[in-house]
Amino acid sequence: MLTISNHDFQRFTSFIKERYGLDLSRKQHLIAGRLSSTITTLGFSNFSDYVDYIISSRDQKEIENMLNRLTTNYTFFMRESSHFDYFRSTVLPYLEQTKKERVLSIWSAGCSYGQEPYTLSMILKDYFGSKASSWDTRVLATDISQEALRFASRGEYDKDSLKDIPSNWMTKYFSPSTTPDMLMVKPEIRSNVIFKTFNLMDPIQFRLKFDVIFCRNVMIYFDLPTKLSLVNRFYNASNTGAYLFIGHSESIGNSTPYRYLMPAVYRKL
């Protein structure tokens with residue numbers, strides 16, 4: 001394993017923090033362990049040359065590869081299912097009553113491999129039923145990783161990853177894949193999700209303000225000032241009455257304009 005000097009570690013983590021919000025200031029050993037093989041594969045003999053390359057070349061493909069190695073894109077269908085129960089039982093009835101134009105604006109921020117936005121889309125189809133065609137329920141799903149988005153847009157998952165979804169969804173919203181032991185998300189669900197590359201450190205300038213934002217298990221890599229800056233931008237990009245869902249293992253402190261409703265659920269009032 002290659003070693004990284006304190007100077008190169010500082011340069012590297014400062015660049016990652018400034019550009020992508022990730023706080024890796026206590027991850028020196030992790031960085032050395034996860035990137036050593038990548039560095040040698042690229043033909044570098046030391047961390048210093050690699051850090052120079054990352055900072056100066058801004059090679060987006062290699063930066064994405066590096067970010068994927070340093071962060072854990074672990075997710076699955078129905079993760080933290082209490083959020084989805086609340087979304088269906090409380091959030092959707094509120095939106096159905098108040099959105100007279102029948103257009104919903106829902107964002108899965110940091111969508112990883114697509115399980116979250118597809119789950120939301122299936123809940124929306126289930127909730128609105130025969131009325132679904134008269135509503136615009138498209139879900140915006142963003143991530144910084146184009147690799148993750150390519151996987152998500154295919155909508156192909158192994159059967160084991162679907163074990164927590166309602167049993168009737170397996171036939172209602174999935175169809176057999178040509179690959180053994182894999183299932184495909186049906187077209188009507190895939191077409192209800194819009195996948196886009198987006199860096200959460202960038203200004204939030206989408207066409208509509210949001211009614212619901214899911215940003216779960218993304219801010220675990222951010223320090224508190226970065227979290228609060230992002231949460232404030234979420235707040236400004238949301239409609240009055242909008243909901244924010246974060247991961248149960250995350251905390252955004254008390255200095256937020258949102259009102260706390262229940263663990264990991266907030267609202268703009």
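**Close-up views of a predicted model**

**View A. Asn217 sits in the loop that runs between strand S7 and helix H10.** The model is predicted, and the backbone at Asn217 has a positive phi of about 60° although the residue is not a glycine. Is Asn217 buried or exposed? With a relative accessibility of 15%, Asn217 counts as buried, because the cut-off for that class is under 20%.

**View B. Glu80 occupies the loop between H4 and helix H5, the latter comprising residues 81-98.** Glu80 has a phi near 55°, which is a positive value in a residue other than glycine. The relative accessibility of Glu80 is 19%, and it therefore counts as buried, given that residues under 20% are placed in this class.

**View C. The largest nonpolar core of the model has 45 residues, of which Met66, Trp107 and Phe234 touch the most other members.** Elements that each supply at least two residues of this core include the helices H1 (6-20), H2 (28-41), H3 (47-57), H4 (60-70) and H10 (224-236), together with the strands S1 (106-109), S7 (210-215) and S8 (238-246). The largest share, 5 residues, comes from H1. A further core of 37 residues lies apart from this one and has Ala141, Val185, Ile189 and Tyr243 among its members. As a general background to such views, nonpolar side chains in soluble globular proteins tend to be buried together.

**View D. Trp107, one of the residues touching the most other members of the largest core, is shown with its contacts.** Once residues up to four places away in sequence are set aside, Trp107 touches Leu140, Thr142, Phe198, Leu200, Ile204 and Phe206, and also Phe210, Val212, Ile213, Phe214 and Phe234. Phe234, listed here as a contact of Trp107, is itself named with Trp107 and Met66 as touching the most other members of that core.

**View E. Thr142 belongs to strand S2, which covers residues 139-143.** The relative accessible area of Thr142 is 0%, so the residue is buried. Which residues does Thr142 contact when its neighbours within four places in sequence are left aside? The contacts are Trp107, Ser108, Ala109, Gly110 and Cys111, along with Leu149, Lys196, Phe198 and Phe206. Phe198 and Phe206 are contacts of Trp107 as well.

**View F. Helix H6, residues 115-128, is mostly covered, with 11 of its 14 residues buried.** The buried residues of H6 are Gln115, Glu116, Pro117, Tyr118, Thr119, Leu120, Ser121, Met122, Ile123, Leu124 and Phe128. At 1.5 Å a residue, the 14 residues of H6 should span 20 Å, and its end C-alpha atoms are indeed 20 Å apart, which agrees. Just after H6, Gly129 adopts a positive phi of about 55°.

**View G. Three strands form an open sheet in the order S3-S5-S4, with antiparallel pairing.** The edge strands are S3 (156-158) and S4 (174-176), each of which pairs on one side only, and the twist averages 40° from one strand to the next. S3 and S5 (residues 182-185) run antiparallel and are joined by 3 bridges, and the bridge partner of Asp158 in S5 is Met182.

**View H. Tyr94 and Tyr243 form one of the 27 aromatic pairs held by the structure.** Their ring centres are 6.2 Å apart and their planes meet at 75°, so the pair is edge-to-face. Distant parts of the chain are linked by this pair, with Tyr94 in helix H5 and Tyr243 in strand S8, 149 residues apart. Tyr94 is partly exposed, with a relative accessible area of 26%, whereas Tyr243, at 4% relative accessibility, counts as buried.

**View I. Tyr118 and Tyr157 make an edge-to-face aromatic pair, with 6.2 Å from centre to centre and 80° between the planes.** Tyr118 lies in helix H6 and Tyr157 in strand S3, so the pair ties together parts that are 39 residues apart in sequence. Both Tyr118 and Tyr157 are buried. Ring pairs link these two tyrosines with Phe77, Tyr113, Phe151, Phe174 and Phe195 into a cluster.

Key
Residues are numbered from 1 along each chain as its sequence is written. This is a predicted model: local features need pLDDT of at least 70, side-chain atom pairs count only at pLDDT 80 or more; totals for chains, interfaces and linings use all residues. Side-chain values use heavy atoms; hydrogens and water are left out. Helices (H or I, at least four residues) and strands (E, at least two) are DSSP runs, numbered from the N terminus. Buried means under 20% relative accessible area, exposed over 50%, partly exposed in between (1.4 Å probe, protein chains only). Contact means heavy atoms within 4.5 Å. A nonpolar core is a set of buried Ala, Val, Leu, Ile, Met, Phe, Trp, Tyr and Cys residues joined through side-chain atoms within 4.5 Å. The expected span of a helix is 1.5 Å times one less than its number of residues. Two strands pair if DSSP finds at least two bridges between them. Axes are lines fitted to C-alpha atoms, for helices over the stretch in contact, and angles run from 0 to 180 degrees between N-to-C directions. Rings of Phe, Tyr and Trp (its six-membered ring) pair if their centres lie within 6.5 Å; planes under 30 degrees apart count as stacked, over 60 as edge-to-face and the rest as tilted.
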